[in-house]
Amino acid sequence: MSDTLTQTRLAPQPAHVPDALVYDFDMYRDEALNENAPERLVDIAANAPPVFWTPRNGGHWMVTRFRLVTSAGRDWEHFSSEPFTPEEAEAMRAALPPDEQIYLPVPILLDPPVHTAFRKPLNLVFAPKAMMAMQDSIRRLAIELIENVKDQGHCEFMSAIGEPMPVQVFLEMFGLPLERQDEFRKIVSDHLSEDFGEVADQQRKLRDMAKVMEDTLLDRRDNPTGDLISRLWQTTVDGRALTLEDMQNYCILLFIAGLDTVMNAMGYAVRHFAANPELQEELRANPALIPEATEELLRRYSFVMSNRRAASDMTFAGAEIKAGERVLLYNPAANVDPDEFPDPGTFDLHRENKAHVTFASGPHRCLGSHLARIELQTLYEEMLARLPTFRLDPDKPVRYRCGPVIGPRSVHIRWDV
Ligand code: HEM
């Protein structure tokens, strides 16, 4: 076992958790997940308890089945997205120096009705029509990145295309400087690769993120352009103008979501295409099937989980969960639940039911899903049209990075030139 996978210490099993509901799973360091995430997720969905408590990472619950994940996702009154109770937030505020604030990515860490008010401005800026307007520039970027590697007959997909494409799309849409993309990416990937940590630690990381964007935020407030930051400044929440604190809280979330999501879907898909040349042929012959293939790829290879806290004591699917306990809705396992999807580990382009929870369910359903789908479909169209049949490099197997987002670290592919 490598050093990075050294297992963390075990939290003591609470008295209300029976042995039958304990399943030792480290979402960051599980060896099988790091080795082959798509297979390990199928194994969890089939063999782990539907709701289990793991002693890793401080001890927390995980929900792994489709029906349970969707119902908990919608039930914000029991499964709260707020990381602290109002009393804890008050105590934190009281302990801060007067010029300091609590950094709280919004709207993802709010419950309705406040969540609804904070989500509204984003509904406007992420509307399907606004995202469709970006398709031409997304296509130009995809073509440029593919053409850069086409003549060399091979590439490491993540670094050549999978990472730069969504990162550049996002930075341009957001209005952040492209030349700082490596610095921004590092901040987000460090943030996601470390386990939950203490509240003070998390606050320090979120403050650092807010600070790298602060100059741009202030500049766009005073000199608006057409970018997303400028448009957000012009919106209101419940009729009041946004403050710098509001903007920082919005932008921290968008920074994380924009810089570390779409690339994982791309990496999984290209790995799947490369391992299945007959699928490449089918889609080259009939590109109209690409949107459907994109949905089935999103179902089979999903990678973002939903983080919740029990708002009160409850019994959920036979598990006694106490107020304040952390509950992770494991969307990537729910999407391969054998009770919902027959033969769930198989990619089936013609599967009747592809209704997945990759973008979650309930009030926090992903706002970036329209943008993500445009980027994914455009990339697949251009890769299949511009490259001949590509295959996985047998000497460089795919490994995964695991945590709240699970994705391929590298995907080496080859084609004939
Ligand atoms: C394939 C790519 C993506 C996946 C799989 C994904 C997945 C998710 C999931 C599962 C949630 C819900 C989290 C929860 O329940 O707590 C979420 C929320 C969100 N996502 Fe995405 N996301 C993707 C891309 C994006 C992009 C590109 C953006 C924006 C640039 C974005 C912006 C957001 C926002 C703002 C929320 C919070 C919505 C709310 O709390 O109401 N996402 N995403």
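**The ligand site and a helix pair**

In this predicted model, a polar side-chain atom of His115 is placed 2.7 Å from an oxygen atom of the ligand. The side chain of Ser306 makes a similar kind of approach, with an N or O atom 2.8 Å from an oxygen atom of the ligand. Ile108 takes part through its backbone instead: an N or O atom there lies 3.5 Å from a ligand oxygen.

The ligand also carries an iron atom, and the protein offers this iron a single donor, the SG atom of Cys366, at 2.3 Å. Cys366 belongs to the loop that runs between α17 (331-334) and α18 (369-386).

Around the ligand as a whole there are 27 residues, of which His115, Arg119, Ser306, His364 and Cys366 are the closest. Sorted by class, this shell consists of 16 nonpolar, eight polar and three charged residues. Three elements each contribute at least two residues to the shell: α5 (114-125), α13 (244-259) and β7 (306-310). The largest contribution comes from α13, which supplies four residues.

Helix α18, which bounds the loop holding Cys366, also packs against another helix, α16 (residues 290-300), at an angle of about 115° and with the axes 10 Å apart. The crossing of α16 and α18 is right-handed. On the α16 side, the contact involves Ile290, Pro291, Thr294, Glu295, Leu297 and Leu298, while α18 brings Arg373, Leu376, Gln377, Tyr380, Glu381 and Leu384. Seven nonpolar, two polar and three charged residues make up this contact between α16 and α18.

Technical notes. Residues are numbered from 1 along each chain as its sequence is written. This is a predicted model: local features need pLDDT of at least 70, side-chain atom pairs count only at pLDDT 80 or more; totals for chains, interfaces and linings use all residues. Side-chain values use heavy atoms; hydrogens and water are left out. Donors are N, O and S atoms within 2.8 Å of the metal (3.2 Å for Na, K and Ca); water is not among the atoms, so sites may look incomplete. A residue is near a molecule or strand if one of its heavy atoms lies within 4 Å of it. A polar contact is a pair of N or O atoms within 3.5 Å; within protein, one must be able to donate a hydrogen and the other to accept it, and residues adjacent in sequence count only if both atoms are side-chain atoms. Ala, Val, Leu, Ile, Met, Phe, Trp, Tyr, Cys and Pro count as nonpolar, Asp, Glu, Lys and Arg as charged, and the others, Gly among them, as polar. Axes are lines fitted to C-alpha atoms, for helices over the stretch in contact, and angles run from 0 to 180 degrees between N-to-C directions. A crossing is left-handed if the near helix is turned anticlockwise from the far one by less than a right angle, and right-handed if clockwise. Contact means heavy atoms within 4.5 Å.
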